[in-house]
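Please find below my notes on the structure, set out as numbered points. They move from individual salt bridges to domains, and then to the contact between the chains.

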Amino acid sequence: MRDGETAPVQLRLCDASGCRAAGAGALAAALGAALEGGGGQGPRPRLKPVGCLRLCSHGPLLALDHGGASALYGGLTAEQVPTLLAIACNHPGGHDGDRDPRRRALEAHRLDSHHPFFALQHPLVLETCGLVDPTDLDDALAHGAYRQLQRLLATATPAQVRAEVRRSGLRGRGGAGYPTGLKWDTVALQPPAPRLVVANGDEGDPGAFMDRSVLEGDPHRLLEGLAIAAYAVGARHGYIYVRAEYPLAIERLLRAVVQAMERGLLGQADPATGFAFVPELRVGAGAYVCGEETALLASIAGGRGIPRQRPPFPAQAGLAGCPTLINNIETLAALPALLRMGGEAYAAIGPAACPGTKVFSVSGSVVRTGLVEVPMGISLRTVVQTMAGGVPGGIGADGGIKAVQTGGPSGGCLPAALLDTPIDYEGLRALGSSLGSGGLVVLDHSCAMPELARHFMAFCAGESCGKCIPCRAGTVQLADLLERLMQRRATAADLDLIEQLAAVVQRTSLCGLGQTAPNPLVSTLRHFRHEYSERLLPDEPWLS
Amino acid sequence: MAPETPFPQPPGRLIEVLHQRQQQHGHLSRTTLAMVAQELRLPPAHVYGVASFYHLFRLTPPTPHRCGICFGTACLLRGAAALAAAQAQRLGVRLDDPAGDGLWSLETVSCLGACGLAPVLVMDGVPRRAEAP
Ligand SMILES: Cc1cc2nc3c(=O)[nH]c(=O)nc-3n(C[C@H](O)[C@H](O)[C@H](O)COP(=O)(O)O)c2cc1C
């Protein structure tokens with residue numbers, strides 16, 4: 001790939017669902033037709049569909065690899081295809097080129113790959129996302145897919161793999177940040193019985209699209225990670241649960257499973273160890289609570305996604321009573337790179353208590369929205385201001401940012417004054433928010449915090465499974481009270497009630513959904529209390 | 001029990017079967033649910049319970065055309081509510097009324113993970129970037 005002389009000229013077109021919604025399909029069709037039609041001299045560039053190229057706001061994105069260098073373009077339309085191909089077939093940046101108005105127009109679409117948005121990224125989970133064709137197993141193999149699985153099967157025992165993951169300090173990326181190696185040990189050390197592994201691809205947090213990007217852009221990486229996890233805990237069967245709202249991810253994953261099984265990379269007994277692993281895909285049907293691990297298992301078993309009390313934890317008794325390892329998609333997709341570099345080297349990235357890289361999806365009021373993978377411990381400001389560019393037209397030291405919403409409906413809002421906070425699990429929790437799965441939504445000053453809290457509370461009320469009363473009734477009551485506050489009909493006594501009820505719901509709900517449903521409310525009360533108080537009625541009831 | 005199944009009870013396929021039937025018929029009618037219950041030897045109440053639990057299973061026939069408005073956080077901040085109101089007026093239907101005007105209906109959908117392009121709307125299943133009204 002690095003060899004400039006022989007590297008093919010290729011056009012990598014982002015074919016993830018974000019860029020598709022921005023018009024990648026029409027661009028692909030125009031490029032395809034122009035390349036079919038031929039014309040021009042010299043070798044014809046190859047059109048390659050790839051996964052997420054990161055900068056969603058500027059989509060559809062297209063990378064031109066030419067002579068060992070790469071240029072990224074954003075927002076191209078079919079009309080610009082001939083000019084683009086002229087550049088691709090000849091040499092970029094010649095002197096005539098600069099005078100041609102069509103070339104100048106095209107250059108206006110060229111994105112600066114040295115911008116911090118790209119330069120500060122540290123891709124490990126996403127190291128081949130955007131480079132490989134997600135529909136082509138041979139291309140994935142050429143980029144190193146399944147190499148770690150095969151190396152470990154040949155050279156390491158399951159206990160050694162677990163030790164390496166423990167050494168890395170990797171913590172689950174699904175939100176809770178539980179140490180992955182510890183969870184694997186728990187599953188592996190249960191009494192003898194079949195074990196199962198489950199990849200959690202429910203990704204229900206609004207504002208999160210990390211797992212979707214992995215599945216759409218590099219499905220074989222997830223399969224390799226899942227197979228490694230299965231080997232490490234002694235499982236031969238696994239499920240990948242993907243939400244139904246991600247049809248393209250489902251299509252690509254299904255194809256990848258078939259390819260890997262047909263090629264014997266999965267499903268067939270390894271000659272040395274006898275290890276054979278069969279993954280199966282399960283599609284959700286639109287229920288946020290199914291991301292919770294015990295609800296997930298109930299859904300895989302074909303029932304309503306209703307959580308149950310833990311313990312026993314799924315690691316002890318999960319699907320059909322078998323010890324079941326549940327890991328998030330990103331956790332599993334981190335494994336191939338982690339095991340290649342070794343646990344120690346991985347642990348050296350980011351803070352000691354929370355090492356490695358994390359993928360974030362950045363959206364909301366920012367100039368550059370999209371996907372970033374950065375070392376843990378980086379400051380929020382670096383991500384949302386330096387990389388994403390702050391609020392469009394925003395002024396002041398904080399770039400017009402009012403707050404950053406992290407962790408979706410179970411997270412909270414951090415005010416601009418706390419933008420220098422390093423991102424890690426404990427740090428954000430101490431400030432009343434949470435890292436969650438990695439969605440960062442930037443809020444500008446037009447956003448009313450009580451309104452946002454009301455929105456999330458209504459979301460949780462709609463997604464509550466109804467099993468336990470604090471969550472079922474409490475979220476509805478809280479949403480009603482917040483609605484009353486928004487209509488300026490609530491009193492200080494109502495606000496007291498809101499706070500008390502929030503504490504009850506947090507402390508007494510059965511599962512994480514109810515326990516965290518009040519978080520957006522509580523965190524905005526903590527940091528933006530005046531926005532609540534200024535909407536209150538005066539206390540004297542006869543005035544209302 | 002299939003011999004290659006490594007655990008005691010193979011998980012049920014009910015949700016997959018419901019997905020298939022909905023794809024065939026557009027929705028899950030009472031008759032369809034009763035048939036599924038019979039085929040899988042499950043209590044009808046269980047089948048109805050599962051079908052009604054999940055948001056994406058429709059128990060009434062959908063309109064021929066549907067417009068979805070994403071109400072994820074990013075879309076909300078970038079004007080999803082105004083977009084929904086504008087679409088409701090343009091189509092002459094109420095938001096989240098599955099009957100719509102018989103031809104079109106307008107519904108809120110949960111986050112599609114296309115937050116980078118917010119606000120997003122879904123025309124007959126195809127998501128695309130909408131201009132904020
Ligand atoms: C309401 C709720 C929703 C959740 N949604 C997800 C999800 O979409 N994806 C996910 O990986 N974990 C989700 N979790 C966390 C899972 O229960 C579980 O902790 C996680 O999948 C474990 O994987 P990890 O250790 O790799 O993070 C959710 C938890 C709760 C309480």
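1. A salt bridge joins A:Asp139 to A:Lys48, and the closest N and O atoms of this pair are 3.0 Å apart. Please keep in mind throughout that this is a predicted model. On the side of domain 1 of chain A that touches domain 2 of chain A, helix 1 (residues 17-21) of chain A provides the largest share, namely three residues. By class, that side of domain 1 of chain A is made up of three nonpolar, three polar and three charged residues.

2. The wider setting of this interface is the division of chain A, for which the domain assignment gives domain 1 (10-113), domain 2 (137-346), domain 3 (355-444) and domain 4 (449-533). Domain 1 of chain A and domain 2 of chain A each contribute nine residues to the contact between them. The centres of domain 1 of chain A and domain 2 of chain A, taken over C-alpha atoms, are separated by 36 Å. Between them, domain 1 of chain A and domain 2 of chain A bury about 600 Å², with 47% of this area on carbon and sulfur atoms. Two salt bridges are found across the interface of these domains of chain A, together with four residue pairs in polar contact.

3. How many salt bridges are there over all chains? The count comes to 34. As a general remark, side chains of opposite charge can pair when their charged atoms come close. One of the salt bridges pairs A:Arg221 with A:Asp218, with 2.9 Å between the closest N and O atoms, and both A:Arg221 and A:Asp218 are buried. A:Arg221 and A:Asp218 also belong to a network of salt bridges that links them with A:Glu127 and A:Arg340.

4. A further salt bridge is formed by A:Glu483 and A:Arg454, where the closest N and O atoms lie 3.4 Å apart. Because A:Glu483 lies in helix 21 (residues 469-486) of chain A and A:Arg454 in helix 20 (residues 449-463) of chain A, the pair ties together parts that are 29 residues apart in sequence. A:Glu483 has a relative accessible area of 30% and is therefore partly exposed.

5. A:Glu499 and A:Arg529 likewise form a salt bridge, with the closest N and O atoms at 2.7 Å. This pair connects distant parts of the chain, since A:Glu499 belongs to helix 22 (residues 492-508) of chain A and A:Arg529 to helix 25 (residues 529-533) of chain A, 30 residues apart. Are these two residues buried or exposed? A:Glu499 counts as partly exposed at 31% relative accessibility, and A:Arg529 is partly exposed as well, with a relative accessible area of 36%.

6. Helix 21 of chain A also holds A:Leu485, which is buried, with a relative accessible area of 0%. Leaving aside residues up to four places away in sequence, A:Leu485 touches A:Pro450, A:Ala490, A:Leu495, A:Tyr532, A:Arg535 and A:Leu536. The C-alpha atom of A:Leu485 is separated by 9.3 Å from that of A:Ser533, although their positions lie 48 residues apart along the chain when counted as a separation in sequence.

7. Turning to chain B, the domain assignment gives domain 1 (11-53) and domain 2 (65-129), and the C-alpha centres of these domains of chain B lie 27 Å apart. Chain B contributes 37 residues to its contact with chain A, and chain A contributes 53 residues. Chain B and chain A bury about 3500 Å² between them, and 61% of this area is on carbon and sulfur atoms.

8. Which polar features accompany the contact between the chains? The count between chain B and chain A is two salt bridges, and there are 21 residue pairs in polar contact. One of the salt bridges brings together the side chains of A:Arg282 and B:Glu16, at 3.0 Å from N to O. On the side of chain B that touches chain A, the elements giving two or more residues are helix 1 (14-25), helix 3 (44-53), helix 4 (73-77) and strand 4 (126-129) of chain B. By class, this side of chain B has 21 nonpolar, 11 polar and five charged residues.

Note on methods
Residues are numbered from 1 along each chain as its sequence is written. Chains are lettered from A and ligands numbered from 1 in the order in which they are written. This is a predicted model: local features need pLDDT of at least 70, side-chain atom pairs count only at pLDDT 80 or more; totals for chains, interfaces and linings use all residues. Side-chain values use heavy atoms; hydrogens and water are left out. Domain bounds come from an automatic or database domain assignment. Contact means heavy atoms within 4.5 Å. Buried area is the accessible area (1.4 Å probe) that two parts lose on being put together, summed over both. A salt bridge is a side-chain nitrogen of Lys or Arg within 4 Å of a carboxyl oxygen of Asp or Glu. A polar contact is a pair of N or O atoms within 3.5 Å; within protein, one must be able to donate a hydrogen and the other to accept it, and residues adjacent in sequence count only if both atoms are side-chain atoms. Helices (H or I, at least four residues) and strands (E, at least two) are DSSP runs, numbered from the N terminus. Ala, Val, Leu, Ile, Met, Phe, Trp, Tyr, Cys and Pro count as nonpolar, Asp, Glu, Lys and Arg as charged, and the others, Gly among them, as polar. Buried means under 20% relative accessible area, exposed over 50%, partly exposed in between (1.4 Å probe, protein chains only).
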